[in-house]
Amino acid sequence: AKMSSALVEFLDNQAYPGRLEQLGIETNQLLPWLAKVAKMIEAEFVTFKYSNDESPELVPLKKNVQAFVARYMVQKGWLVGEFEAAQLNDIRELIEEGFRRYEKVLEIDIPLYDKLYEEFDDLRKNGRRPLEVYLGRDGVYAWLGRRAQDVARRRIASKNISERGTDGADILAINPKYMVYPRYFRDNLKTEVKQEFLAQEGITKEADPLFYDTGYTGTIPEQIMEIMDFSPEEIEQRIRLLSASADNRRVRGVSANARANIIEYIESNAKLEKSAVGLVIDEKTGKIRSVAEPTDPKEQFYFMMIKQAITRHYWLKEHDRFAQTELTDQALAAK
């Protein structure tokens, strides 16, 4: 973390490399290469069409990209020894692909999540307050967007923008839940252990849970609700999938044939971790958690770029929407 921070400082403003040297890094040959990396990032932003989508409350995107590149270099062990041309080419391809994925998620993923959130918000407008549960690992992207909405709405509400409640549009306090419940859990754990795991995660029948996953059949949310003793009819009403053969389980507005060209793309998006291979009791918290190996550094870089695309989009979208609401309220008050 210290190495990454020192690298970001140099990439950001070509500052005196004192912090790198304090960490014992030989900088004579490294600094010219770092200067080239900084120019690569800068050049990408010249053509990146979303680079101006910023907010004073968000860390500038370029600063985050610099941090991701620095983290990647540290993970690869490239701060020791000579920096070679092949490594520079690797970083160039990494940055270009990262921005390509950033733009692609805005094109493909975001419109699907818009439909999902709209369906959940319609329930909230009618007075219901369900617990939205996003199942990992694929569901992490939809959860990131919904959490960004939630945080933005709370932040804006704290600035005295009124909550509309059940009669209008602006629903606050979503509290979306992300939970990893891998097939390993489904197929290998005893019912008692599954019940304990769900209870520690706050997934209870009384919480009125709704479950989101990408697809295709929904066997994992089915099992979770069977453990909680929901009836078959209730189970059918509480599953939302981007791709499903059953119309009632599919997110409203998503076509039945979306799997081939959309869903499989989302399911293959970069992840931070590989599939879970077991579970342990965390010594610090006493909670059950899954065990999984991290993905390779390149995959982690792409995940963080996708995360930026989704969270920044929904933060800015909610900020703009509620800002318009505030202006409307002020105009009405003036009249």
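Biologist: Hi! Which residue stands opposite tyrosine 216 in S4?

Modeller: Alanine 244 does. Keep in mind that this is a predicted model.

Biologist: Noted. How many bridges join S3 to S4, and do the two run parallel or antiparallel?

Modeller: Strand S3 covers residues 209–216, and 5 bridges join it to S4. The two strands run parallel.

Biologist: What's the strand order in the sheet they belong to?

Modeller: S2-S1-S3-S4, in an open sheet of 4 strands with parallel pairing. At the edges are strand S2 (177–180) and strand S4 (239–244), each pairing on one side only.

Biologist: And the twist? By how many degrees are neighbouring strands turned against each other?

Modeller: On average 25 degrees in this sheet, with direction ignored.

Biologist: Let's switch to pockets. How much space lies in the largest pocket?

Modeller: About 860 Å³. The lining of that pocket has 39 residues, and those nearest its centre are Gly136, Arg137, Tyr178, Val180 and Tyr181.

Biologist: Which elements give two or more residues to that lining?

Modeller: Quite a list! Among the strands there are S1 (131–136), S2, S3 and S6 (288–291). The helices are H8 (183–188), H9 (191–200) and H10 (219–227).

Biologist: Which of them gives the most to the lining of the largest pocket?

Modeller: That would be S3, with 4 residues. So the strand we began with, joined to S4 by 5 bridges, turns up again here.

Biologist: How do the residues of that lining divide into nonpolar, polar and charged?

Modeller: In the largest pocket, 17 are nonpolar, 10 polar and 12 charged.

Biologist: OK, what volume does the second largest pocket have?

Modeller: About 290 Å³. It is lined by 13 residues, with Leu58, Val59, Gln308, Thr311 and Arg312 the closest to its centre.

Biologist: Which elements give two or more residues to the lining there?

Modeller: Helix H7 (140–157) and helix H13 (297–334). H13 gives the most, with 5 residues. As for chemistry, the lining of the second largest pocket divides into 5 nonpolar, 3 polar and 5 charged residues.

Biologist: Back to strands for a moment. How is S5 joined to S6?

Modeller: By 4 bridges, with strand S5 (residues 278–281) and S6 running antiparallel. Within that pair, leucine 279 has serine 290 of S6 as its bridge partner.

Biologist: Which residue in the hairpin of S5 and S6 takes a positive phi?

Modeller: Glycine 286, with phi near 75 degrees. The hairpin has 6 residues between the strands.

Biologist: Now helices. At what angle do H1 and H4 cross?

Modeller: Roughly 130 degrees, and their axes come within 8 Å. H1 is residues 2–13 and H4 is residues 61–76.

Biologist: Why are H1 and H4 oblique to each other?

Modeller: Because roughly 130 degrees is neither under 35 nor over 145, and lies outside 65 to 115, H1 and H4 count as oblique to each other. Their crossing is right-handed.

Biologist: Last one: how do H3 and H5 pack?

Modeller: Helix H3 (residues 30–47) and helix H5 (residues 85–107) have axes 10 Å apart and an angle of about 20 degrees. That angle makes H3 roughly parallel to H5, because angles under 35 degrees count that way.

Biologist: Is that crossing left-handed or right-handed?

Modeller: Right-handed, as H3 passes H5.

Biologist: Great, thanks!

Note on methods
Residues are numbered from 1 along each chain as its sequence is written. This is a predicted model: local features need pLDDT of at least 70, side-chain atom pairs count only at pLDDT 80 or more; totals for chains, interfaces and linings use all residues. Side-chain values use heavy atoms; hydrogens and water are left out. Two strands pair if DSSP finds at least two bridges between them. Axes are lines fitted to C-alpha atoms, for helices over the stretch in contact, and angles run from 0 to 180 degrees between N-to-C directions. On a 1 Å grid over the protein atoms alone, a cavity is a set of points where a 1.4 Å probe fits but cannot get out, and a pocket is an open set with protein on both sides within 12 Å along at least five of seven lines; lining residues have an atom within 4 Å of a point. Grid points are joined across faces, edges and corners, and a volume is the space filled by probe spheres set on the points. Ala, Val, Leu, Ile, Met, Phe, Trp, Tyr, Cys and Pro count as nonpolar, Asp, Glu, Lys and Arg as charged, and the others, Gly among them, as polar. A crossing is left-handed if the near helix is turned anticlockwise from the far one by less than a right angle, and right-handed if clockwise.
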